[in-house]
Amino acid sequence: MRRVEFVHVDLAAMRTGARAQGAKNNDVVVTAVTGALVALLARRGEAVDDLVVSMPVSRRAPGDAGALGNETGVAPVRVPAVPDAGRRLAAVLAVRARVRAPGRGSSSAVLTPAFRALAGLGAFQVFIDHQRLVHTFVTNVRGPAERLAIGGCEVSVVVPLALNPGNVAVSFDVLSYAGTLGVALVCDPVLVPESAWLADRLREELAASCPSGSEGAELR
């Protein structure tokens with residue numbers, strides 16, 4: 001059983017705020033997610049030095065859009081568990097720069113080849129059920145820029161959902177759709193009974209990165 005919370009912000013405002021910091025939307029989302037988790041830990045009276053987020057990355061250069069092939073993967077992003085959003089964002093940007101840098105060393109940050117090897121050995125599920133590598137997952141998919149319609153009925157909101165991998169208590173699924181950026185929090189209600197509070201905190205973190213004005217909504 002899982003509980004789902006949903007928040008969204010204006011996509012244009014998010015993009016503007018991200019660019020002002022030399023970042024991309026996904027960088028800002030990971031920064032906001034870790035900020036919300038840090039606040040949750042503080043609310044519980046708990047503390048850790050770092051949070052490690054599995055984050056999608058692309059190694060394709062901006063001029064390679066016409067080239068064939070999949071140049072995406074996932075990388076563990078170690079983010080300092082501090083209230084200062086600037087320090088968290090700097091850590092996220094440093095990982096992205098390292099992953100996309102030329103040379104063999106940069107590929108070590110991408111976990112996809114290792115995951116494929118585990119899957120080929122039939123050991124991936126065992127690994128993911130007992131892993132101690134990451135605390136949470138953030139997935140990000142670009143959706144349609146215009147609203148869709150099904151049977152003549154306009155689709156006003158699309159909520160992205162994915163199963164929590166293995167032993168992860170909460171994961172964050174991100175989708176842009178028709179001018180909004182939505183984030184679904186998929187929570188284990190036993191381990192994260194404060195899911196509604198966490199969603200509210202995530203909304204605040206996201207709004208703080210969109211100074212031009214954004215709005216959020218929660219669906220239960």
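User: What percentage of the 220 residues of the chain count as buried?

Analyst: The model is predicted. Buried is taken as under 20% relative accessible area. By that cut-off, the share of the 220 residues that count as buried is 43%.

User: How many helices and how many strands are in the chain, and which element comes last?

Analyst: The chain has six helices and eight strands. From the N terminus on, the order is β-α-α-β-β-α-α-α-β-β-β-β-β-α. Read to its end, that order closes on an α element.

User: Which angle class describes α2 relative to α6?

Analyst: The axes of α2 (residues 25-44) and α6 (residues 195-208) come within 8 Å and cross at roughly 135°. Angles over 145 degrees would count as roughly antiparallel, and 65 to 115 as roughly perpendicular. The crossing angle therefore makes α2 to α6 oblique.

User: What is the handedness of the crossing of α2 and α6, and which residues of α6 make the contact?

Analyst: α2 passes α6 in a right-handed crossing. On the α2 side, the contact residues include Val29, Ala36, Leu40 and Arg43. On the α6 side they are Trp197, Leu198, Arg201, Leu202, Glu205 and Leu206.

User: Where does pLDDT stay under 50, and how many contacts beyond four places in sequence does the model have there?

Analyst: The mean pLDDT of the chain is 83, and 73% of its residues reach 70 or more. One stretch under 50 is residues 104-109, with 10 contacts beyond four places in sequence. Another is residues 213-220, for which the corresponding count is 28.

Notes. Residues numbered from 1 in each chain as written. Predicted model: local features only at pLDDT ≥ 70, side-chain atom pairs only at ≥ 80, totals over all residues. Heavy atoms only, no water. Helix = DSSP H or I, 4+ residues; strand = E, 2+ residues; numbered from the N terminus. Buried < 20%, exposed > 50% of the residue type's maximum accessible area, 1.4 Å probe, protein only. pLDDT = per-residue confidence, 0-100. Contact = heavy atoms within 4.5 Å. Axes fitted to C-alpha atoms, helices over the stretch in contact; angles between N-to-C directions. Parallel < 35°, antiparallel > 145°, perpendicular 65-115°, else oblique. Left-handed = near helix turned anticlockwise from the far one by under 90°.
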